[in-house]
Amino acid sequence: MHDIKDINLAPSGEHKIDWVRKNCPLLRSLEEDFKKDKPFEGIRIALSVHLEAKTAYLCKVLNAGGAEMYVTGSNPLTTQDDVAAALVKDGLNVFAHYGCTDEEYDSYIKMVLDNNCNIIIDDGGDLVTMLHTSMRDKLQYVIGGCEETTTGIIRLRGMAREDKLEFPMVMVNDADCKHLFDNRYGTGQSVWDGINRTTNLIVAGKSVVVAGYGWCGKGTAMRAKGLGAKVIVTEVDPVKAIEAVMDGFEVMTMAEAAKVGDFFVTVTGCADVITAEHMKLMKDGAILCNAGHFDVEIDMAYLKENALSTIDQRANIVGYEVTPGKFVYVLGEGRLVNLACGDGHPAEIMDMSFAIQALSAKYLLEHKDDIKEKLIVVPREVDLEVANRKLSFLGITIDSLTDKQRKYLCL
């Protein structure tokens, strides 16, 4: 077992968190409010989110509000050890390290939940899933939770449909100030940051295949176009496929796209998006990566079991020989490329997303006796508070409706 306290503390973790703080005015303002009001006094918060500097600052903001924090990552390859160690130095409880095994990853989630936490902040649903399976004795302590990402909400909706969700969860991802900015602009920029810094190859003039045209896929395709790529979109939803066409992209099946793509980015939240059959059709040298939450969109199991040979080409790039003499290259083991190969979304984007998280957790506490639903939409007033604060920090003012206009609109 790797003990976070044994990690050699370098100043870079603290400096990274300080850089985030300087570029997150929303969270900074909430930190000041929370220091005065202490809304989380006496509350234990379990948090499983990609453990890098922006997440660390969210932890510190919640801690400033009185919360006792129990923190782990939400992916074995996205924890930054120097950042985790900096949190430990500040007195937070951290159970994570980069490159942990699947067994260690599960054990860290268990260590977090062993502390009888009251609020759950999840990214992908691993905390909630363990609470509802092997740690049901800890459900009695939970007031509710917040889910950060699309994949986690898909899992929550499945549990709710089967009447298996035991406590209310705020669907943070569905807030306008989250998915319209985080999923589109955050993913769009951070995916290409991860790809570019890892491959050191040009994108201009290449064919980029984006699998999935939800908000994350829209952002990924938009940024690829901006880098000069010829962009192809694959989809299973006919409406989204038409939208991609009208946004100026080619649309085809993955079997067709496999023959012409140079870069492939999966952004679907589904499994088996790129299969063995697709890989056998690809060019020698095709580059594959995933920007969905789980490492199931590219068939990594097939590659690991059936590749004729493998080569560690560069840091975070493994080549797999799929047919004699033909290699495809996978970035970051098929895990989240923007975090496994980069630093994730820009600070200014996560400022908005994590402000929604913090205010949603506060909302749960303030309304714990009134909430009846198990799946909760982020209250509109929370969305608007974040939007108005953001505009203020950007130095932008907008018009307001007059009483006459409000009456006309029946508001």
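A pocket, as I use the word here, is an open set of grid points with protein on both sides within 12 Å along at least five of seven lines. I keep that in mind for every entry on pockets below, and I note that the model I am reading is predicted.

**Entry 1: the second largest pocket**

I looked up this pocket and found a volume of about 310 Å³. Its lining has 17 residues, and Trp-19, Lys-54, Asp-343, His-345 and Ala-347 are the closest to its centre. I then checked which elements give two or more residues to this lining, and they are α1 (12-22), α3, α8 and α15. Sorted by class, I get five nonpolar, six polar and six charged residues.

**Entry 2: the largest pocket**

Next I turned to the largest pocket, with a volume of about 970 Å³. I found 49 residues in its lining, and Thr-150, Cys-216, Val-267, Thr-268 and Gly-269 lie nearest the centre. Among the elements that give two or more residues here are α7 (150-161), α9 (215-226) and α14 (337-340). Which element gives the largest share of this lining? My notes say α8, with five residues. By class, I wrote down 16 nonpolar, 21 polar and 12 charged residues.

**Entry 3: the nonpolar cores**

I moved on to the largest nonpolar core, which has 55 residues. Phe-40, Ile-45, Leu-47, Leu-62 and Met-69 touch the most other members. Helix α15 (residues 347-366) gives the most to this core, with 12 residues. I picked Met-69 for a longer look: leaving out residues up to four places away in sequence, Met-69 touches Ile-45, Leu-47, Cys-59, Leu-62, Asn-63, Leu-92 and Asn-93. There is also a second, separate core of 27 residues, and I spotted Tyr-213, Tyr-329, Leu-331 and Val-337 in it.

**Entry 4: Ser-360**

I stayed with helix α15, where Ser-360 is found. Is Ser-360 buried or exposed? Its relative accessible area is 0%, so I call Ser-360 buried, the limit being under 20%. The side chain of Ser-360 reaches the backbone oxygen of Ile-356 at 2.8 Å. Not counting residues up to four places away in sequence, Ser-360 touches Cys-146, Val-170, Val-172 and Val-378.

**Entry 5: Glu-305**

My last stop was Glu-305, in helix α13 (residues 300-306). I put Glu-305 down as exposed because its relative accessibility is 65%, and exposed means over 50%. I also looked up how Glu-305 sits relative to His-278: the two are 27 residues apart in sequence and 16 Å apart in space, C-alpha to C-alpha.

Terms used. Residues are numbered from 1 along each chain as its sequence is written. This is a predicted model: local features need pLDDT of at least 70, side-chain atom pairs count only at pLDDT 80 or more; totals for chains, interfaces and linings use all residues. Side-chain values use heavy atoms; hydrogens and water are left out. A nonpolar core is a set of buried Ala, Val, Leu, Ile, Met, Phe, Trp, Tyr and Cys residues joined through side-chain atoms within 4.5 Å. Buried means under 20% relative accessible area, exposed over 50%, partly exposed in between (1.4 Å probe, protein chains only). Helices (H or I, at least four residues) and strands (E, at least two) are DSSP runs, numbered from the N terminus. Contact means heavy atoms within 4.5 Å. A polar contact is a pair of N or O atoms within 3.5 Å; within protein, one must be able to donate a hydrogen and the other to accept it, and residues adjacent in sequence count only if both atoms are side-chain atoms. On a 1 Å grid over the protein atoms alone, a cavity is a set of points where a 1.4 Å probe fits but cannot get out, and a pocket is an open set with protein on both sides within 12 Å along at least five of seven lines; lining residues have an atom within 4 Å of a point. Grid points are joined across faces, edges and corners, and a volume is the space filled by probe spheres set on the points. Ala, Val, Leu, Ile, Met, Phe, Trp, Tyr, Cys and Pro count as nonpolar, Asp, Glu, Lys and Arg as charged, and the others, Gly among them, as polar.
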